[in-house]
Amino acid sequence: MNNELKNRILSSIILLPLIFFIIIKGSFYFNIFIILCLLVSLREWYLISKKPALLIIGSFLIIFSFYFVYYLRNQGEFNFFLFIVISCIATDIGGYLFGKFFKGPKLNRISPNKTYAGMLGSFIMTVIFGLLFYNNLNYLELTKSDISTFTIIIYSITISLFSQIGDLTISFFKRRAKIKNTGNLIPGHGGLLDRIDGMLLAFPSIYLILKII
């Protein structure tokens, strides 16, 4: 196990419980957390965007995405908010594990480490986590949701798809800026945008799709 993987695992063990505590606690804690994450994300985007127009457009989209994160946590259904967060995390985990274990053909030139196996693993892991989450709401002391297994699977695949597109989008701009990570805030992971890139696209996309439907 290399040092990067060790740091990645250790950071996740420390940060994930803290983040979920803040999410569940909500209110003042969550709002301050979101504001701090927004400011860090905007700073990282400033460092990797090379043109003023790109800086303005990207900053607007980041603010737009964070608004939906705030809105869905404070005004929407809490179960669904958690579901999106867990699905995006599962997408990252599935992509990383399947990509490392099965390797195989590369997905594209934008992100050289992405493979078809990793993409498939992201979908599989997200569906598994989604089903586990909704089938164990009682144990998590959350209100039981009236949602079918088929609907959970469709939601999981859709969220994972947008999460992976968000990941590839940030990877594209990192390659243009000739950098590996958007920062070094999180040991083993890189910058904040490296970790929330999928969520930034998943939250507004899923919300708008549900509104249209």
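Two residues are in contact here when heavy atoms of theirs lie within 4.5 Å. With that in hand, welcome to this predicted model.

Let's start with Trp-45. Setting aside residues up to four places away in sequence, Trp-45 touches Leu-54, Leu-55, Gly-58, Ser-59, Ile-62, Ile-170, Phe-173 and Leu-193. Trp-45 also belongs to the largest nonpolar core, a group of 41 residues; together with Phe-66, Phe-81, Ile-84 and Phe-203, Trp-45 is among those that touch the most other members. Two or more residues of this core come from each of helix H1 (3–25), helix H2 (27–48), H3, H4, H5, helix H6 (149–177) and H7. H4 gives the largest share, 10 residues.

A good next stop is Leu-72, in helix H3 (residues 52–74). Because its relative accessible area is 8%, under the 20% limit, Leu-72 counts as buried. Leaving out residues up to four places away in sequence, Leu-72 is in contact with Glu-77, Phe-81, Ile-84, Phe-203 and Tyr-207. Between Leu-72 and Phe-30 there are 12 Å from C-alpha to C-alpha, and the two are 42 residues apart in sequence.

Now for helix H7, which covers residues 192–212. Its 21 residues, at 1.5 Å a residue, should span 30 Å, and the end C-alpha atoms are indeed 30 Å apart, so the two values agree. H7 also has a kink of about 30°, centred on Gly-198.

What about the loops? Thr-115 sits in the one between helix H4 (78–102) and helix H5 (116–135). Thr-115 is buried because its relative accessibility is 5%. Its side chain reaches the backbone nitrogen of Gly-118 at 3.0 Å. Apart from neighbours within four places in sequence, Thr-115 is in contact with Gly-99, Lys-103, Gly-104, Pro-105, Lys-106 and Leu-107. Lys-178, by contrast, is in the loop between H6 and H7, and its relative accessibility of 77% is why Lys-178 counts as exposed.

Finally, here are two residues other than glycine with a positive phi.

| Residue | Location | Phi |
|---|---|---|
| Ser-27 | helix H2 | near 50° |
| Lys-178 | loop between H6 and H7 | about 60° |

Where in the model is Ser-27 found? Ser-27 lies in helix H2, and that helix is one of the elements giving two or more residues to the largest nonpolar core.

How values were computed:
Residues numbered from 1 in each chain as written. Predicted model: local features only at pLDDT ≥ 70, side-chain atom pairs only at ≥ 80, totals over all residues. Heavy atoms only, no water. Helix = DSSP H or I, 4+ residues; strand = E, 2+ residues; numbered from the N terminus. Buried < 20%, exposed > 50% of the residue type's maximum accessible area, 1.4 Å probe, protein only. Polar contact = N/O pair within 3.5 Å; in protein donor to acceptor, adjacent residues only side chain to side chain. Expected span 1.5 Å × (residues − 1). Bend = angle between axes of the 7 residues up to and from the residue. Core = buried A, V, L, I, M, F, W, Y, C linked by side-chain atoms within 4.5 Å.
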